[in-house]
Amino acid sequence: MKIEEKFIEYEKILKEWSTKINLVAPSTLSEIKTRHIMDSAQLAQYIPKDVNIIDLGSGAGFPGAVLAIMGWNVTCIESIGKKTKFLTELKEKLLLDNLTIINDRIENFLSKTPVKAGENVFTARAFAPLIKIFDYTHKTKCRLFLLKGREIESEIKVAKTKYKFDYKLYKSETGDGFIICISNLKR
């Protein structure tokens, strides 16, 4: 199955599952490709190909499953069982051997799984405020590639009250949000 075919199948599976559980806002179901898939795919230009991605709060697989379809090794961390069932079906139907699904809380996963800076990076979309993401990830020293909304400047200001970090901010190509790439995160 080609990448474009996988994205078409992804849309179909997401629409089917959305009748049972809330994976994305119902108002966005008619624009899955632009609002969710293309939004997630834009991270590809920033993430090195030789790293493993740990996607935080994966939900409907954005951006984790999208990046797996595009060729990265991805581990999706999702605490809600119904959502991990969706992700597992997606993995099986799209033949994504490079996608690992973990049904656990992020803090539990990180407390028992060695995560090495340089080998791993974190991604997230519509997950948590920046400071909360830093609370989970700062000990790993890994870089972060996050899709954030319009309020990113205020999130950065709040995060700087507790953490030091370098960042680059890019305007989203698909909406009014931003991509923030974070390195050298320290408490």
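Half of the chain is tucked away: buried residues make up 50% of its 187 residues, where buried means under 20% relative accessible area, exposed over 50% and partly exposed anything in between, with a 1.4 Å probe and protein chains only. This is a predicted model, so local features need pLDDT of at least 70 and side-chain atom pairs count only at pLDDT 80 or more, while totals for chains, interfaces and linings use all residues. Residues are numbered from 1 along each chain as its sequence is written, and side-chain values use heavy atoms, with hydrogens and water left out.

Now for the layout. The chain holds seven helices and seven strands, both taken as DSSP runs numbered from the N terminus (helices are H or I with at least four residues, strands are E with at least two). Read from the N terminus, the order is α-α-β-α-β-α-β-α-β-α-β-α-β-β. The radius of gyration is 16 Å, close to the 16 Å that the globule rule gives for 187 residues, so the chain is as compact as a globular protein of that length. That radius is taken over C-alpha atoms, and the rule is 2.2 Å times the number of residues to the power 0.38. Along the principal axes, the C-alpha atoms fill a box of roughly 45 × 35 × 30 Å.

What about contacts, meaning heavy atoms within 4.5 Å? Of those with a separation of 6 or more, 61% are between residues 24 or more positions apart.

On the outside, the accessible surface comes to about 9,400 Å², and 51% of it belongs to carbon and sulfur atoms; the areas come from the Shrake-Rupley method with a 1.4 Å probe. As for charge, there are 31 positive and 23 negative side chains, and the centres of the two sets sit 5 Å apart. Lys and Arg count as positive and Asp and Glu as negative, leaving out His and the chain ends. Each charge is placed at NZ of Lys, CZ of Arg, CG of Asp or CD of Glu.

A few spots in the backbone deserve a look. The peptide bond from Phe62 to Pro63 is cis, with omega near 5°, and Pro63 sits in the loop between strand S1 (52–56) and helix H3 (64–69). Ala126 is not a glycine, yet its phi is positive, at about 50°. This alanine lies in the loop between strand S4 (120–125) and helix H6 (130–137), and Ala126 counts as exposed because its relative accessibility is 75%. Lys141, also a residue other than glycine, has a positive phi near 65°. The loop between H6 and strand S5 (143–148) is where Lys141 is found, and with 55% relative accessibility Lys141 counts as exposed.

Conventions: Contact means heavy atoms within 4.5 Å.
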